[in-house]
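This report describes the surroundings of a bound ligand and then turns to two points in the backbone. Please look at the structure before reading on.

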Amino acid sequence: MGRIAYVNGRYAPHSEAFVHIEDRGFQFADSVYEVWAVFGGSLADEVGHFERLARSLGELRIPVPMTAAALKSIIQRVVRLNRVSDGLAYLQVTRGVAPRDHPFPNPAPRPSVVVTAKSVDMRASEARAARGVAVITTPETRWARCDIKTTGLLPNVLAKQAAREAGAVEAWFVDELGLVTEGGSSNAWIIDADGVLRTRDIQSNILRGVTRRSLLGVVQSLGIPFEERGFSVEEAKSAKEAFITGAGSLVLPVIRIDETLIGAGTPGPVAKRLRELYIEGARPNAA
Ligand code: PLP
């Protein structure tokens, strides 16, 4: 059976799932999105993603299309219809359809809502985590509101393509001070030379990663020393460990930054343990 998407009230095969050519998501990337990891058919970090969605919509003054409960039941239905046990659920809300003109349409159109879901091969995901991945560094070229999860992702697309061409899976953006902001679709972490776990603070121009927030809870419960403080590329390259987090990557060890191997060039013990604990906690049968 092919994949099924939800588009503005209809559940349709992907081949028949369309939005209007004057949808402002298509015309202007005037839209926000969320991605949930799905474990055992349930949405991981469910509430955190809905909270961030509400914030993103509010920051852009896009009307809330429906209650979180209604959205949740649509997402769950799409997950079921696509028989996703472990995978990803995607939600996009655009400002809606209106004749092309930059300012907000008045009266406001009904926001467009799209939901899709797909399975992830967890064996392949675990194998990749066991090997570790490479990242490249690249100058920060994004706008100053990366805290809003919009679909305006062209710099991220270009950076991640450059990573792929360099045999890496992620690109870390580096600001004008030489500090890493975050990845193209993940937050960046290191265990620095002093053994302190570090990730950039959310006051900076980064996405407030929901996985990041969840994992900080795990880190605290383990008593690992940590600081929400930016780090330079040099600090990252001389770190004991590095990893990335996100709904797609979960907790993914980084073993190479540009041409430099991190630590022993294999996934570090803390990153591996944090991945296990994060996934354990996200599975619906977690205690
Ligand atoms: N940073 C960026 C730019 C992202 O696109 C993402 C996820 O897509 C993240 C960080 C991680 O966020 P989350 O953990 O909420 O998936």
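By class, four nonpolar, ten polar and four charged residues make up the shell around the ligand. The model is a predicted one. In total, 18 residues surround the ligand. The closest of these are Arg 52, Glu 182, Val 210, Thr 211 and Ala 247.

Three side chains place a polar atom at a short listed distance from the ligand, as the table shows.

| Residue | Side-chain atom | Ligand atom | Distance |
|---|---|---|---|
| Arg 52 | polar atom | oxygen | 2.8 Å |
| Lys 149 | N or O | oxygen | 3.0 Å |
| Glu 182 | N or O | nitrogen | 2.6 Å |

Arg 52 and Lys 149 thus pair with oxygen atoms of the ligand, while Glu 182 pairs with a nitrogen atom of the ligand. On its own, the ligand has 390 Å² of accessible area, and the protein covers 93% of that area.

The ligand takes up the space of the largest pocket. Four elements give two or more residues each to the shell around the ligand: helix 2 (46–60), strand 9 (180–183), helix 6 (210–222) and strand 13 (241–246). The shell also draws on both domain 1 (4–120) and domain 2 (125–282), so the ligand lies between these two domains.

Two backbone features remain to be described. Most peptide bonds are trans, and most residues other than glycine have a negative phi. The peptide bond from Asn 106 to Pro 107 is cis, and its omega is near 5°. Pro 107 is found in the loop between strand 5 (87–94) and strand 6 (112–119).

The other feature concerns Asp 45, a residue other than glycine whose phi is positive, near 45°. Asp 45 has its place in the loop between strand 4 (42–43) and helix 2. Helix 2 (46–60) is also one of the elements that give two or more residues to the shell around the ligand.

Definitions and conventions: Residues numbered from 1 in each chain as written. Predicted model: local features only at pLDDT ≥ 70, side-chain atom pairs only at ≥ 80, totals over all residues. Heavy atoms only, no water. Near = heavy atom within 4 Å. Polar contact = N/O pair within 3.5 Å; in protein donor to acceptor, adjacent residues only side chain to side chain. Areas by Shrake-Rupley, 256 points an atom, 1.4 Å probe, with all protein chains shown as cover. 1 Å grid on protein atoms, 1.4 Å probe; cavity = no way out; pocket = protein on both sides within 12 Å on 5 of 7 lines; lining within 4 Å. Sits in = over half its atoms within 2 Å of the grid points. Nonpolar A, V, L, I, M, F, W, Y, C, P; charged D, E, K, R; others polar. Domains from an automatic or database assignment.
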